[in-house]
Amino acid sequence: MKAENKITKLNAEYLLELEEPLSEPLKVKLDKVKALKKSGEVIYRKNYAGRICIKDIREKYSSLEVGQKTEDTFKIAGRVMIFRKHGKATFADVRDFTGEIQLYANLKNIGEEKYNKFLDLDIGDWIGAEGNIFKTRTGELSLSITDFVLLSKTIRTLPEKWHGLKDKELRYRQRYLDFLINPDVKKTFLSRIKIIEALREFLKDRGFLEVETPMLQPIPGGAAARPFATHHNALDIDLYLRIAPELYLKRLIIAGFEKVFELNRNFRNEGISYKHNPEFTMLEFYQAFSDYNDLMDLTEELIKFVVQKTLGNLSANYRGNIINFEGTWQRKTMIGAIYDFGGIKLSFDSSIEELTSIAKSLDLKINKDYSKGKIVEEIFEAVVQPKLIQPTFIKDYPIDISPLARKKPGDGNLTERFELFMGGEEIANAFSELTDPADQLQRFKKQVKSKDDEERVTGKIDVDFLRALEYGMPPTGGEGIGIDRLVMILTNSNSIRDVILFPLMRAESD
C-alpha cells in the first residue's frame, strides 16, 4: 500500500502525516501543542526583529576572557539542538545558518515561571533569546539569557544519530533532516554555490552575457536524448521540456551576440544512476570566431579558476584518486586513446563486422543498427574512460555521433569535437559548430530516420533553426559542462544525488 498525504484530525489538531498509526512520541508532542494553545501561548510567531547572526557574535567576541561578560545585550534566533540540565541552571546549544552558540539559563536571572518554560522546550524548537555574551570556565562562548520566546514549535522528534542511518534513500527523501543533522551535507552545497559563482565570474569577466532560453520547446534538440512531453491546452500543441538549450543559444550567435552562456536545468527522460538524474544543471556557452582548439584552452583556464576559487589549490581527492589540475592537460584523439590505453588499433576503414567483433571480444553488447562511430564510442567508454583520472581532452569524434559538429578537414569520418574527462567521468562536451545549413539539414534527416530512439528524439526537424542558419552563422565554438558531475568531483561525492538538493526519488511506499 502506497503512503498518501492525509489530513487527520487528532485531539483537535491537524497534522499532515505519512504514517499510521501515530507513534507514541508524536502523540505526546501533539498533546503538548494542544495544551500550549489552550493556555493562550503563541507557538508560531510571525517574526523576530533585531537578531544578530551567531557567526558575527563568535567573530566579534571570541577574544573575551574567561568569566568576562559584555555590558550590552544581544538577540539571537535559532533551533535548539542540545539540552544539558543542571538543577537550577540549564545549558542549550542553539544553531542558526551561520553556526552554533551555547545558551545559559539560570533560575535566578529569569525567574521561576520563565525558567520552567525554558525547561519545557524540546530539541528542534525554534527560539529567540536575548542576553549578555560571556565565556564560561571551560572557555565556551555563551549567551546568558535574560529573556527568550518560542518562535516555532517542533512536533516531530529529531533523529539522534543521523550518521547511523543505513537507509541513504531516506536521507535523500528527507533532505531537510539531512541538512539539519549532518553538517558535511551543508558544506557540499556551500561548495556547489561557490563553484557556480566562480563559473559566472570567469565568463562575465571575459565578456560573456548570461541569457535565458525556453525550457518548453516545440521541438527538443541539441542532444540525443528522450524528452519529457507535455501539452499546452490553450494553444493545443505538444511541448517538450528541453534536453539542451543549444539551438536557441546558436540563434543568439546568429543574431549578433558574440559571447553567450546559460547556466540552467535540462531534462532527460532516462534512467537514474550515480551520475544521472532526469533533471540536471548544465552550463552551455558559445563564442563566435572560435573553434574547438580555442575552447580547449578556455576550458582549461576556466576549470583551473573554479578549482582554485573553491578549494584554494589545484588538486582534488575524488574516489581515492588525487586529481592534479596544474600544468597543461593532455589532448588525445579518440582513436589514439583507444590504442594508448587498450592496445587496440582501430580504423574507419575497418568494416562494421570487424569493429563489432572487437567490441564483442570486450564483452560489449552491440546493437545491429549501431554505426561505426557508435561502436567506436562503445569501445572507448569501456577501454579508455575509466582510466582518465587526470584532466584529459579526448578529441576528433566520429561524425555519425556528432550531428551538430563541424567536419574535421581532411577526414570525412571525424568532427572537430572534444569531451573533457577527469576522475573517470565525462565533464564537458564541445565542438566547432556546424554552420553550413545544407550540411546541417542532411545530418538532421539522418538523425530523425535513425532506429535509435534517443538519436531520433521526436522525428521532427527544427526548420526554424535551419532558416536561422541560412541568415549566416559566424565561425563558433560551443560547449556544455555538467555542473552536477563537476561538483561531485570537487566535493568528493559518490553520487549525483549527493550534490542535488532534492533529487528525484521513487514514490514513497509503506
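**Exercise 1. Determine whether phenylalanine 148 is buried or exposed, and describe the aromatic pair that it forms with phenylalanine 118.**

Step 1. Phenylalanine 148 has a relative accessible area of 7% and is therefore buried, where buried means under 20% relative accessible area, exposed over 50%, and partly exposed in between (1.4 Å probe, protein chains only). Phenylalanine 118, with a relative accessible area of 1%, is buried too.

The coordinates belong to a predicted model, in which local features need pLDDT of at least 70 and side-chain atom pairs count only at pLDDT 80 or more, while totals for chains, interfaces and linings use all residues. Residues are numbered from 1 along each chain as its sequence is written, and side-chain values use heavy atoms, with hydrogens and water left out.

Step 2. The structure holds 13 aromatic pairs; rings of Phe, Tyr and Trp (its six-membered ring) pair if their centres lie within 6.5 Å, and planes under 30 degrees apart count as stacked, over 60 as edge-to-face and the rest as tilted. Phenylalanine 118 and phenylalanine 148 form one of these pairs, with 5.3 Å centre to centre and 80° between the planes, which is edge-to-face.

Step 3. Because phenylalanine 118 lies in helix H3 (residues 107–119) and phenylalanine 148 in strand E7 (residues 141–152), the pair ties together parts that are 30 residues apart in sequence. Helices (H or I, at least four residues) and strands (E, at least two) are DSSP runs, numbered from the N terminus.

**Exercise 2. Place E7 in its sheet, and state which helices contact that sheet.**

Step 1. Five strands close into a barrel in the order E3-E4-E5-E7-E6, with mixed pairing, two strands being paired if DSSP finds at least two bridges between them.

Step 2. Strand E5 (residues 99–106) pairs with E7 in the parallel sense over three bridges, and the bridge partner of tyrosine 104 in E7 is serine 144.

Step 3. Helix H2 (residues 54–61) lies across E3, E4, E5, E6 and E7, running at about 80° to E5. H3 packs on the sheet as well, touching E3, E4, E5, E6 and E7, and its direction makes about 110° with that of E5. Contact means heavy atoms within 4.5 Å, and axes are lines fitted to C-alpha atoms, for helices over the stretch in contact, with angles from 0 to 180 degrees between N-to-C directions.

**Exercise 3. Describe the open sheet and identify its edge strands.**

Step 1. Eight strands form this sheet in the order E8-E12-E13-E22-E21-E20-E17-E16, and the pairing is mixed. Strand E8 (209–210) and strand E16 (330–333) stand at the edges with a single partner strand each, so one side of each is left without a neighbour in the sheet.

Step 2. Strand E12 (residues 259–267) and strand E13 (residues 279–288) pair in the antiparallel sense over nine bridges, and leucine 263 has leucine 283 of E13 as its bridge partner.

**Exercise 4. Describe the surroundings of arginine 242.**

Step 1. Arginine 242 is found in the loop between strand E11 (237–241) and helix H7 (246–254), and at 0% relative accessibility arginine 242 counts as buried.

Step 2. A polar atom of the arginine 242 side chain lies 3.0 Å from the backbone oxygen of arginine 265. Beyond its neighbours within four places in sequence, arginine 242 is in contact with residues including Thr213, Glu262, Asn264 and Phe267.

Terms used:
Polar contact = N/O pair within 3.5 Å; in protein donor to acceptor, adjacent residues only side chain to side chain.
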